Amino acid sequence: MSLIAVVELAHPDLALTPTIESTDADVQVVSHTATDPETGMFFFLVETDSFPAFEAALERDHTVAESLLVAEASTTRIYRLRHTEGTKLISPTTTEIGGLMLEAESTTRGWSVRMQLPDRETLGTLWEHCDREDIEFELGHIYSLDQFSVDDRIGLTDAQRDALVTAYEAGYFEEPRGTSLQALAEDLGISPTAVGGRIRRGTSRLIERTLIDES
C-alpha cells in the first residue's frame, strides 16, 4: 500500500542549504518541477524581507551554478536554479525508486520534505541512499495513503499546521493579539517572515478547502 512520509534532511551540500542557513528566507520547491531529474533546472518559491541579501547568498552558494528570477511580487519571488555537479539532490532518487515528491520546504538546517512512496521497503531504500551520502534523515511522520487522505483533507503541510496551531494557542488570532510574529518565530525556530508566510499560506489553504465551493 502506498504511504506518505514526512522527512527532515540536512547536509552542507544539499541544494540551497548554504543560502538557507545564512538568510531568513522561507524557501519552497515548486513541486511539479521537483521530480524531473532530466532537466537539471529546479524552481523555488522564495519569501523574504530582503531579496538583495538572498541573492547575495545565492552568489556565494556552492550548490548553485546559475540562477534566474522568473516571477516576483512584493515579498515573494520564483527563481529558476541549476545546481552544481556536487550538489546532493533527493528528488531524482525518489523518482527513480518510484516515489513522488509532494512538497519540500526549508528548515533552519536544510529541508522538510513530504513524499509519496510505494511501500516501507522503498522508504528503507531512500534511507539507505541518504546514509551512504551522509545526509541526516529524520523521519517525522509516516501514514498509509488511506490514513493520510482522511487526516489531510485540508491539505496543510506539517510546517503550516505547526505554525497555525502555535499561533492559535499563543493568541495570535485574538483581538488584541496575544503574541507577535517575532515571538512565534522564536518559539518555532524560524524567521518572522517564514512564520508569516506559513500562516498566510495555511490560512489560504483552509479557506480554499473548507469555504470555497469547488463546483
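**Pockets and rings in a predicted model**

Reader: How do the residues lining the second largest pocket divide into nonpolar, polar and charged?
Author: This is a predicted model. The lining of the second largest pocket holds residues of each of these classes. The split is five nonpolar, four polar and four charged.

Reader: Which residues lie nearest the centre of the second largest pocket?
Author: The second largest pocket holds about 290 Å³ of space. Its lining consists of 13 residues. Nearest its centre lie Gln28, Val29, Glu103, Arg201 and Arg205.

Reader: Which element gives the largest share of the lining of the second largest pocket?
Author: β2 (26-29), β6 and α9 (192-210) each supply at least two residues of this lining. The largest share is four residues. Those four come from α9.

Reader: Where does the second largest pocket lie, relative to the domains?
Author: Look at who supplies the lining. Domain 1 (3-144) gives residues, and domain 2 (158-211) does too. Therefore the second largest pocket lies between domain 1 and domain 2.

Reader: How much space lies in the largest pocket, and which residues are closest to its centre?
Author: The largest pocket holds about 510 Å³ of space. Its lining has 28 residues. Closest to the centre are Glu8, Ser112, Asp158, Ala159 and Asp162.

Reader: Which elements each supply at least two residues of the lining of the largest pocket, and where does this pocket lie?
Author: The elements are β1 (3-10), β6 (100-106), β7 (111-117), β8 (136-144) and α7 (158-169). Both domain 1 (3-144) and domain 2 (158-211) give residues to the lining. So the largest pocket lies between domain 1 and domain 2.

Reader: How many charged residues are in the lining of the largest pocket?
Author: Sort the lining by class. Nine residues are nonpolar and nine are polar. The charged residues number ten.

Reader: How many aromatic pairs are there, and what is the angle between the planes of Phe54 and Tyr79?
Author: The count comes to three aromatic pairs. Phe54 and Tyr79 form a tilted one, 5.4 Å centre to centre. The angle between their planes is 50 degrees.

Reader: How many residues apart are Phe54 and Tyr79?
Author: Phe54 is in helix α3 (residues 51-60), and Tyr79 is in strand β5 (residues 76-83). The pair links distant parts of the chain. The separation is 25 residues.

Reader: Why do Phe54 and Tyr79 count as buried?
Author: Buried means under 20% relative accessible area. Phe54 is at 1%, so it is buried. Tyr79 is buried too, because its relative accessible area is 3%.

Reader: Which kind of aromatic pair do Tyr172 and Phe173 form?
Author: Their centres are 5.4 Å apart, and their planes are 80 degrees apart. Planes over 60 degrees apart count as edge-to-face. So the pair of Tyr172 and Phe173 is edge-to-face.

Reader: Is Phe173 buried or partly exposed?
Author: Its partner Tyr172 has 9% relative accessibility and counts as buried. Phe173 has a relative accessible area of 44%. Buried needs under 20%, and exposed needs over 50%. So Phe173 is partly exposed.

Reader: How far is Arg177 from the ring centre of Tyr172?
Author: Charges sit over rings in this model. Arg77 has its charged end over the ring of Phe51, 4.3 Å from the centre. Arg177 lies over the face of Tyr172, and its distance from the ring centre is 4.0 Å.

Reader: How far apart in space are Thr166 and Asp187?
Author: Thr166 is in helix α7. In sequence, Thr166 and Asp187 are 21 residues apart. In space, C-alpha to C-alpha, the distance is 8.3 Å.

Methods: Residues are numbered from 1 along each chain as its sequence is written. This is a predicted model: local features need pLDDT of at least 70, side-chain atom pairs count only at pLDDT 80 or more; totals for chains, interfaces and linings use all residues. Side-chain values use heavy atoms; hydrogens and water are left out. On a 1 Å grid over the protein atoms alone, a cavity is a set of points where a 1.4 Å probe fits but cannot get out, and a pocket is an open set with protein on both sides within 12 Å along at least five of seven lines; lining residues have an atom within 4 Å of a point. Grid points are joined across faces, edges and corners, and a volume is the space filled by probe spheres set on the points. Ala, Val, Leu, Ile, Met, Phe, Trp, Tyr, Cys and Pro count as nonpolar, Asp, Glu, Lys and Arg as charged, and the others, Gly among them, as polar. Domain bounds come from an automatic or database domain assignment. Rings of Phe, Tyr and Trp (its six-membered ring) pair if their centres lie within 6.5 Å; planes under 30 degrees apart count as stacked, over 60 as edge-to-face and the rest as tilted. Buried means under 20% relative accessible area, exposed over 50%, partly exposed in between (1.4 Å probe, protein chains only). A charge sits over a ring if NZ of Lys or CZ of Arg is within 6 Å of the ring centre and within 35 degrees of the ring normal.
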